Amino acid sequence: MIALPVLILLQAAQAAPPADDIALTRTLHTQIVKRSAERSPAAMKPYKNVIPGSEVQYEMLPIPGGKYTMGTPASEPGHQPDESPQHSVTVDPFWMASREVTWNEYRLFMFATLSGETAGTDKTLDAVSRPTKPYMEMSFGMGTEGFPAISMTQHAANKYAQWLSAKTGHFYRLPTEVEWEYACRANAPEPTPLEDYAVIKSNSKEKYAKVGSKKPNAWGLYDMLGNVREWTVDQYDPKAYEHPQPWFKTTTSYPHSVRGGGWDDPAEKVRCGARVASDASWKKQDPNLPKSIWYHTEAVWLGFRLVRPLKIPSVEDMHAYWNNGVAEDQ
């Protein structure tokens, strides 16, 4: 574990910013519907976007819809009870980020001036909640240029998705567990040797690596396994596969589902079917009272990537994707 610095800047991270009003989501929904040009899977193409106000680029790859068997058999090495029973799932098409969100991208959200934003010039962007100033250097000395952003709460990842949606006019959100595992499996066997595709405990040198430093999976997605674990939008339920749903909406602060394994995980935990439940202990060293809704200071192996579904959801679902409803308790 990477220790926290002795000197901590006690920033006023206690107070949560005002909760987003559904009126903001309604405004963004209207803008996104007008902007959307793709109406069918055939129209979905890979694309690269530069985040407005910056030179920072990200890439989205089309993931075809289809069916797959979610979960793992008891015979799979590392299998856990929460990965059963296996069940058939149908997935609608979506785009997924080819790489995990980097500090280059995430810092534009953390610090408005980096992307040329000035308060009062864009009321829609002004209304999107942003992180309070971090009370420490959040990469923990592991690097920022081209490295994955880490240690954010699920709430913070959701707000980044909303912010990027407001900046670009596309609807972005965290993937569901169903989407994440489907994209990880990519209609192919688990990749071997794992160390060629994933930064894990055996080859990480006790820190994360730059995104895309290993081979991509069959759909061109890098670091789906290893490097950093990744947030999904789902509430974690250890018995979820006994009553499968496309999306387990949030009802309590903990736990939420995290996927993919990280740089400090052994190979048996770095599998497409492996599930991890978030925990309040991930904020143990946070000095704030109440603890920040933006940072998981213990989770130096936790990041995220975004998806963009072909089908734009309703205003109500869009709001629920971006607002888990329990941020103040995180």
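User: What makes the pair Arg308 and Glu38 a salt bridge?

Analyst: In this predicted model, the closest N and O atoms of Arg308 and Glu38 are 2.8 Å apart. The cut-off between a side-chain nitrogen of Arg and a carboxyl oxygen of Glu is 4 Å, so the pair qualifies as a salt bridge. The pair links distant parts of the chain, 270 residues apart: Arg308 lies in strand E10 (residues 307-309), and Glu38 in the loop between helix H1 (22-35) and strand E1 (47-50).

User: Why is Arg308 called buried?

Analyst: Arg308 has a relative accessibility of 4%. Buried means under 20%, so Arg308 is counted as buried.

User: How do you know whether Glu38 is buried or exposed?

Analyst: The relative accessible area of Glu38 is 18%. This value is under 20%, and therefore Glu38 is buried.

User: What makes Glu190 and Arg185 a salt bridge?

Analyst: Their N to O distance is 3.7 Å. That is within 4 Å, so the criterion is met.

User: Why is Glu190 called partly exposed, and Arg185 buried?

Analyst: Glu190 has 27% relative accessibility, which falls between 20% and 50%, so the term partly exposed applies. Arg185, with a relative accessible area of 18%, is under 20% and therefore buried.

User: Which residues are linked with this pair in a network of salt bridges?

Analyst: The network links Glu177, Glu181, Arg185, Glu190, Arg259 and Arg275. Within it, Arg259 and Glu181 meet at 3.0 Å, N to O. Arg259 is in strand E7 (residues 256-259) and Glu181 in helix H5 (residues 177-185), 78 residues apart.

Note on methods: Residues numbered from 1 in each chain as written. Predicted model: local features only at pLDDT ≥ 70, side-chain atom pairs only at ≥ 80, totals over all residues. Heavy atoms only, no water. Helix = DSSP H or I, 4+ residues; strand = E, 2+ residues; numbered from the N terminus. Buried < 20%, exposed > 50% of the residue type's maximum accessible area, 1.4 Å probe, protein only.
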